[in-house]
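Subject: Structure handover

Hi,

Here is the structure I promised to pass on to you. Have a look at it first, and then read on for my notes on what turned up.

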Amino acid sequence: MFKKYFAAPLLIILCLCCVQCQQDSTAESEDSAETPTPETPEDGESTPIIRQFYCTFPAETTTPRTNYSATSLDGINFTEESGTRFERENITDPDVFDDTQGNFVMFVSNGVNLVRTSSTEMNGTFVEDESFQWMQGSVSSTFAVSSSLKTFFCDNDDGISFTTYDPITMTLSGQTQAFSNPHGQGSICGPTVIQLSDNTYLM
């Protein structure tokens, strides 16, 4: 269980990155780019590329939303990659991770549901798995804890929970609440978890 240490707005450099990508990719449209998700390079990669995924919000609400990606060498200046990663109506918050089985998985949120997509290339076209179902919450963030993949998400009880992703069966199973937000104190969402040098975790 995570403990609450403070409640204050945090200014993150990703906000600046998202603005830069938005200026480059939507100069001739009414779209806005939001919900960036960065992916840092794996250990041993020769080129330290940071790849950021983000979703556009068309001015016309009936238009499908599109996920794009952009890369950076310094974490400040991003260049949008060619092509689109995924497109579907009413999606937000891309969550991309390596499933350790030769595929990259991207969860996107569709209301309180998660949609699972996958690709063999991180900058490739992701294809939806229409057999996948998850309705216990959305706006996820997945990362490796020891030898398993944990997906943190905004649950349906105004808190943050996590579940385990199985790369063999390509399913999520189990649910444990990591942080409970007292009712009446607003909603919390968009979890991101990191492991510190002393092996504790910060969300």
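Let me start with two charged residues: Arg51 is buried, and Glu81 is buried as well. Please keep in mind that this is a predicted model.

**Salt bridges**

Arg51 and Glu81 are joined through their side chains by a salt bridge, with 2.8 Å from N to O. The two come from distant parts of the chain, 30 residues apart: Arg51 belongs to strand S2, while Glu81 sits in the loop between strand S4 (79-80) and strand S5 (86-88). In total, the structure has three salt bridges.

Another of them is made by Arg88 and Glu128, whose closest N and O atoms are 3.2 Å apart. Since Arg88 is in strand S5 and Glu128 in strand S9, this pair ties together parts that are 40 residues apart in sequence. How do its two partners rank in accessibility? Arg88 counts as buried because its relative accessibility is 19%, where the cut-off for buried is under 20%. Glu128, with a relative accessible area of 28%, is partly exposed.

Then there is Arg116 with Asp129, where the closest N and O atoms of the salt bridge are 3.6 Å apart. Here too, distant parts of the chain are linked: Arg116 is in strand S8 (residues 113-119) and Asp129 in the loop between S9 and S10, 13 residues apart. Arg116 is buried at 3% relative accessibility, and Asp129 is buried with a relative accessible area of 17%.

**Nonpolar cores**

The largest nonpolar core consists of 12 residues, including Phe53, Cys55, Phe57, Phe104, Met106 and Val108. At least two residues of this core come from strand S2 (50-57), and at least two from strand S7 (104-110). Another core, of 10 residues, lies apart from it; Phe97, Phe107, Tyr165 and Leu172 are among its members.

**Aromatic pairs**

Searching the whole structure gives 10 aromatic pairs. One of them is formed by Phe97 and Phe107, with 5.7 Å centre to centre and 50° between the planes, a tilted arrangement. Phe97 is in strand S6 (residues 92-98) and Phe107 in strand S7, so the pair ties together parts 10 residues apart in sequence. Both Phe97 and Phe107 are buried.

The pair of Trp134 and Phe153 is edge-to-face, because the planes stand at 85°, with the ring centres 5.4 Å apart. Trp134 lies in the loop between strand S9 (127-128) and S10, and Phe153 in strand S11, so this pair links distant parts of the chain, 19 residues apart. Trp134 is buried, with 5% relative accessible area, and Phe153 is buried at 0% relative accessibility.

You may also like to look at a cluster of rings, in which ring pairs link Phe97, Phe107, Phe132 and Tyr165.

**Strands S10, S11 and S12**

Why is strand S11 (residues 148-155) described as largely enclosed by the rest of the structure? Seven of its eight residues are buried, and therefore the description fits. Strand S10 (residues 137-145) runs antiparallel to S11, and seven bridges join the two. In this pairing, Gly137 is opposite Asp155 of S11. S10 and S11 make a hairpin with two residues between them, and Ser146 in the turn has a positive phi of about 55°.

S11 also pairs with strand S12 (residues 159-166), over six bridges and in the antiparallel sense. Phe153 has Ser161 as its bridge partner in S12. The hairpin of S11 and S12 has three residues between the strands, and Asp158 takes a positive phi near 65° there.

**A surface patch**

To finish, have a look at Ile194, Leu196 and Leu202, which make a nonpolar surface patch of about 240 Å². Of these, Leu196 is located in the loop between strand S14 (194-195) and strand S15 (201-202). Leu196 counts as partly exposed because its relative accessibility is 35%.

Happy to talk any of this through.

Best wishes

Technical notes: Residues are numbered from 1 along each chain as its sequence is written. This is a predicted model: local features need pLDDT of at least 70, side-chain atom pairs count only at pLDDT 80 or more; totals for chains, interfaces and linings use all residues. Side-chain values use heavy atoms; hydrogens and water are left out. A nonpolar core is a set of buried Ala, Val, Leu, Ile, Met, Phe, Trp, Tyr and Cys residues joined through side-chain atoms within 4.5 Å. Buried means under 20% relative accessible area, exposed over 50%, partly exposed in between (1.4 Å probe, protein chains only). Helices (H or I, at least four residues) and strands (E, at least two) are DSSP runs, numbered from the N terminus. Two strands pair if DSSP finds at least two bridges between them. Patches are made of residues with over 30% relative accessible area and no salt bridge: like charges are joined within 9 Å, nonpolar side chains (Val, Leu, Ile, Met, Phe, Trp, Tyr) within 5 Å. Accessible areas come from the Shrake-Rupley method with a 1.4 Å probe; for residues, only the protein chains shown count as cover. A salt bridge is a side-chain nitrogen of Lys or Arg within 4 Å of a carboxyl oxygen of Asp or Glu. Rings of Phe, Tyr and Trp (its six-membered ring) pair if their centres lie within 6.5 Å; planes under 30 degrees apart count as stacked, over 60 as edge-to-face and the rest as tilted.
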